[in-house]
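Open the model in your viewer and keep the sequence panel visible. The stops below say what to select and what is there.

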Amino acid sequence: MNLTYLGHACFLLETSKAKILFDPFINPNSIVQEIRKSTLDKTLVSKLSVDEIECDYVLISHGHEDHVADAESILQRTGAKVVSNFEIVSWFNEKGISNNHPMNHGGSWEFDFGKIKYVSAVHSSVLPDGTYGGNPGGFIIQADGQTIYYAGDTALSYDMKLIGEEFNLDYAILPIGDNFTMGPKDASKAAKFVGCNNVIAMHYDTFGYIKVDHDKVQQLFSKNGQSVTLMSIGETKEI
Ligand code: NI
Ligand code: MN
C-alpha cells in the first residue's frame with residue numbers, strides 16, 4: 001500500500017482495491033499554499049491539487065474545519081463515498097452527496113477494499129456552519145493484510161488499550177501537535193496502549209499552536225523504543 005501525506009491530518013491511502021482519503025484540509029493549509037508557490041515539481045503540485053486528487057472513499061474523523069474543508073468539492077467531483085459518523089454523513093447528504101456510509105462508535109463494516117471500524121476519540125466535533133457533528137472518532141482500516149489505526153484528533157485515552165487487545169496494528173497514525181490533541185509524550189504512550197511501534201505523525205506544524213521540534217519528537221519516541229515518521233507534505237511512503 002502507498003500512503004501519501006497531504007498535510008495536517010490529510011492522507012491518501014492507496015490499497016490494491018481503493019484510494020482512501022482522510023480528513024481533506026488542503027487549500028486552506030498555508031504550508032501547502034507555500035509549497036505550491038515555491039516548487040517547480042509538477043508532480044508534487046498535482047498531488048496537492050484538490051481539483052486533481054482521485055479517490056474512491058473519503059473518511060472524515062470529525063466535523064472541524066481543519067478536517068472537512070475540501071471534502072465537499074472532492075466528493076462532488078470524484079463521486080467518492082463519504083464515511084463518517086451519522087451526523088456528519090447526514091450533513092453531506094443534505095448537500096446532495098448521496099454516496100455515503102454512516103457509522104458510529106464501535107461499529108465495523110466490510111467495504112469492497114477491506115474493513116473499517118469507527119472508534120472513539122476524545123475531542124469535540126462541530127461542522128463549519130455550526131451543525132452538530134456527532135462525537136469525534138478515529139478509524140481502524142484493515143486492507144491488503146495490513147491494519148492501520150488513524151486516530152483522528154484525540155487526547156490520550158485508556159480506551160486505546162482495547163484497540164491493542166483487538167488488533168495487531170502495523171501502523172498507528174497519531175496526532176502529536178499538542179494543544180488541541182495529544183502532544184508527543186502522550187502520543188508515545190498511545191502507541192504503547194495500542195501496541196504499535198510504527199507511528200506516523202499528524203496534526204502538527206500547521207498553526208502556531210501546534211508547532212513541534214522534529215528532532216525532539218524523534219528522540220522521545222526512540223528513547224521509548226518506538227519509531228515515528230514525520231512525513232514531508234506530498235511524500236509517498238510504501239507501507
Ligand atoms: Ni478537531
Ligand atoms: Mn484538528
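A donor, for the first stop, is an N, O or S atom within 2.8 Å of the metal; water is not among the atoms, so a site may look incomplete. Keep in mind throughout that this is a predicted model.

**Stop 1: the metal pair**

Select the manganese ion (ligand 2). Its coordinating residues are Asp66 (OD), His67 (NE2), Asp153 (OD) and His203 (NE2), at 2.1 to 2.2 Å. Read along the chain, these donors have the spacing D-H-x85-D-x49-H. Now add the nickel ion (ligand 1) to the selection: it lies 3.0 Å from the manganese ion (ligand 2), and Asp153 bridges the two. Distant parts of the chain are linked here, since His67 belongs to helix α3 and His203 to the loop between β12 and α8, 136 residues apart.

Are these two histidines buried or exposed? His67 has a relative accessible area of 0%, so it is buried. His203 is at 1%, and therefore also counts as buried.

**Stop 2: helix α4**

Select residues 71-78, which form helix α4. Colour Ala71, Ile74 and Leu75, the buried residues of this helix. Look down the axis: they cover an arc of only 100°, which puts them on the same side of α4. The general reason is that an α-helix has 3.6 residues a turn, so residues three or four places apart point the same way.

Next, show what covers that side. The elements over the buried residues of α4 include β3 (19-22), β4 (57-59), α3 (65-68), β5 (81-85) and α5 (86-94). Step past the end of the helix to Gly79, just after α4, where phi is positive at about 75°.

**Stop 3: Asp23**

Go to the loop between β3 and α1 (30-38) and select Asp23. What is the sign of phi in Asp23? Phi is positive, near 40°, in a residue other than glycine. The relative accessible area of Asp23 is 0%, so Asp23 is buried.

**Stop 4: the loop between β11 and α7**

Two residues of this loop are worth selecting. Asn179 sits in the loop between β11 and α7. Its phi is positive, about 65°, although Asn179 is not a glycine. With a relative accessible area of 48%, Asn179 is partly exposed.

Met182 is in the loop between β11 (171-175) and α7 as well. At a relative accessible area of 2%, Met182 is buried. To see its surroundings, display its contacts beyond four places in sequence: Thr154, Ala155, Leu156, Met160, Leu174, Pro175, Ile176, Gly177, Ala187 and Ala190. For a sense of scale, draw a distance from Met182 to Gln33: C-alpha to C-alpha they are 26 Å apart, with their positions 149 residues apart in sequence.

**Stop 5: the loop between β12 and α8**

Select Gly208, in the loop between β12 and α8. Gly208 is exposed, with a relative accessible area of 62%. Its C-alpha atom is separated by 9.9 Å from that of Gly177, 31 residues apart along the chain.

**Stop 6: helix α8**

Select residues 214-223, helix α8, and begin at its N-terminal end. Asp213 caps that end, with a side-chain oxygen 3.0 Å from the backbone nitrogen of Asp215.

Which residues of α8 are buried? They are Val217, Leu220 and Phe221. Seen down the axis of α8, these buried residues fall within an arc of 95°, so they line one face of the helix. Asp215, Lys216, Gln219 and Lys223 are exposed on the other side of α8. To see what the buried residues of α8 pack against, show α7 (184-194), β12 (198-202) and β13 (227-229). Following α8 is Gly225, with a positive phi near 75°.

**Last stop: the whole protein**

Zoom out and colour by secondary structure: the protein has 8 helices and 14 strands. The C-alpha trace spans about 50 × 45 × 35 Å along its principal axes. A compact globule of 239 residues would have a radius of gyration near 18 Å, and the 16 Å of the protein agrees with that. Of the 239 residues, 54% count as buried. Among contacts with a separation of 6 or more, 59% are between residues 24 or more positions apart. Finally, switch on the surface: the accessible area is about 10300 Å², and 46% of it belongs to carbon and sulfur atoms.

Notes. Residues are numbered from 1 along each chain as its sequence is written. Chains are lettered from A and ligands numbered from 1 in the order in which they are written. This is a predicted model: local features need pLDDT of at least 70, side-chain atom pairs count only at pLDDT 80 or more; totals for chains, interfaces and linings use all residues. Side-chain values use heavy atoms; hydrogens and water are left out. Buried means under 20% relative accessible area, exposed over 50%, partly exposed in between (1.4 Å probe, protein chains only). Helices (H or I, at least four residues) and strands (E, at least two) are DSSP runs, numbered from the N terminus. The arc is that of the directions from the helix axis to the C-beta atoms. Contact means heavy atoms within 4.5 Å. A polar contact is a pair of N or O atoms within 3.5 Å; within protein, one must be able to donate a hydrogen and the other to accept it, and residues adjacent in sequence count only if both atoms are side-chain atoms. The radius of gyration is taken over C-alpha atoms; the globule rule is 2.2 Å times the number of residues to the power 0.38. Accessible areas come from the Shrake-Rupley method with a 1.4 Å probe; for residues, only the protein chains shown count as cover. Donors are N, O and S atoms within 2.8 Å of the metal (3.2 Å for Na, K and Ca); water is not among the atoms, so sites may look incomplete.
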